[in-house]
Amino acid sequence: MTDRTAVRTGLLTVDGATLHHEVRGEGPLLVMMPGGSADAGIYDAIAADLADRWTVATFDPRGYSRSALAGPVTDQSPATHADDIVRLIESLSPDGAPAALFGSSSSAVVALAALARHPGRLSRVVAHEPPVVALLPDPEAGRALFAAVREAFRRDGVAAAMTTMAAGLAPEEGETAPGPEREAAEEAPTPEQAVTGEQAPDPDQAATFRRMHANLPVFLEHVLCPFSGYVPDLVALKAAAAHLVVGVGRDSRALLPAVAAEGLARRVGAGVAEFPGGHIGLTEHPRAFAARLRDVLAAP
């Protein structure tokens, strides 16, 4: 009997990059896009859980980890990343069958671009808390925050940028809370900081954390502002709203990413699904998150 959790790896040449991807399971294709500075490894537990029902494809975004660029890194575009996704779907679903797509945080922005640009290739899109400042009550404040985070990185490095992020996204009562891209720090700690429950990470997990930590400079300099500043094609998304589910975290509904997500749902008529945990619920509660995603994907 085939082990459905066994990982098949591959490389896909796209315009200007080579994408490392990993595939598990059998059944309809489900592509899971990592957000922040994460790569395919962030989905190891969730992908294994879902491999009984779907062919689950995960990957390293261009310029991250094992997905090398053909030239120097420059500011990234959600549209370019969306086109990468369609090339991956075409390579893994050559019969033309549409795929399901999941993205969280910055990769949820890519999910919106993919649905707007390539609706015929997607059966269902779940966009979990895309931090799109254009959908906020005060877009300028959001743009200013992310610009300040990037400036803090340029001036003083990664730690300063994360501190600026946390301060800018803390609730009014003064509690520090995860923000739209604070996952970049919380999903990618140093190996010494990383734990799984109460146990230290195994060697594979430690390698994943090291890769994601190394991606932080690219994320902070070339992804954070272009992705949060993306202006969705609301007309196209409204036309495809029957295929779109907007995800929000149970514990983060008052924070910027969830506010933007629910604003999007209202404007295009998409459904809203609550997921366990906060903005980084997929790493806080991977089994419960996978179970909720299973339900959302299987719903009629």
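Is Ser65 buried, partly exposed or exposed? I opened the notebook with this one, working from a predicted model.

**Entry 1, Ser65.** I looked up the accessible area first. Ser65 comes out at a relative accessible area of 31%. Because buried means under 20% and exposed means over 50%, I put Ser65 down as partly exposed. I then located Ser65 in the loop that runs between β4 (55–59) and α2 (78–92). I also noted the backbone: Ser65 is not a glycine, yet its phi is positive, at about 50°. Most residues other than glycine have a negative phi, which is the reason I wrote this one down.

**Entry 2, Ser105.** I found another positive phi at Ser105, near 60°, again in a residue other than glycine. I placed Ser105 in the loop between β5 (99–104) and α3 (106–117). Its relative accessible area is 0%, so I recorded Ser105 as buried.

**Entry 3, α5 and α7.** How do these two helices pack? I took α5 as residues 158–169 and α7 as residues 203–228. I read an angle of about 55° between them, with the axes 10 Å apart. Angles of 65 to 115 degrees would count as roughly perpendicular and those under 35 as roughly parallel; α5 and α7 are therefore oblique to each other. I noted the crossing as left-handed. On the α5 side I listed Val158, Ala161, Met162 and Met165 as making the contact. On the α7 side I listed Leu216, Pro217, Leu220 and Leu224. I sorted the residues of this contact by type and got eight nonpolar, no polar and no charged.

Technical notes: Residues numbered from 1 in each chain as written. Predicted model: local features only at pLDDT ≥ 70, side-chain atom pairs only at ≥ 80, totals over all residues. Heavy atoms only, no water. Axes fitted to C-alpha atoms, helices over the stretch in contact; angles between N-to-C directions. Helix = DSSP H or I, 4+ residues; strand = E, 2+ residues; numbered from the N terminus. Parallel < 35°, antiparallel > 145°, perpendicular 65-115°, else oblique. Left-handed = near helix turned anticlockwise from the far one by under 90°. Contact = heavy atoms within 4.5 Å. Nonpolar A, V, L, I, M, F, W, Y, C, P; charged D, E, K, R; others polar. Buried < 20%, exposed > 50% of the residue type's maximum accessible area, 1.4 Å probe, protein only.
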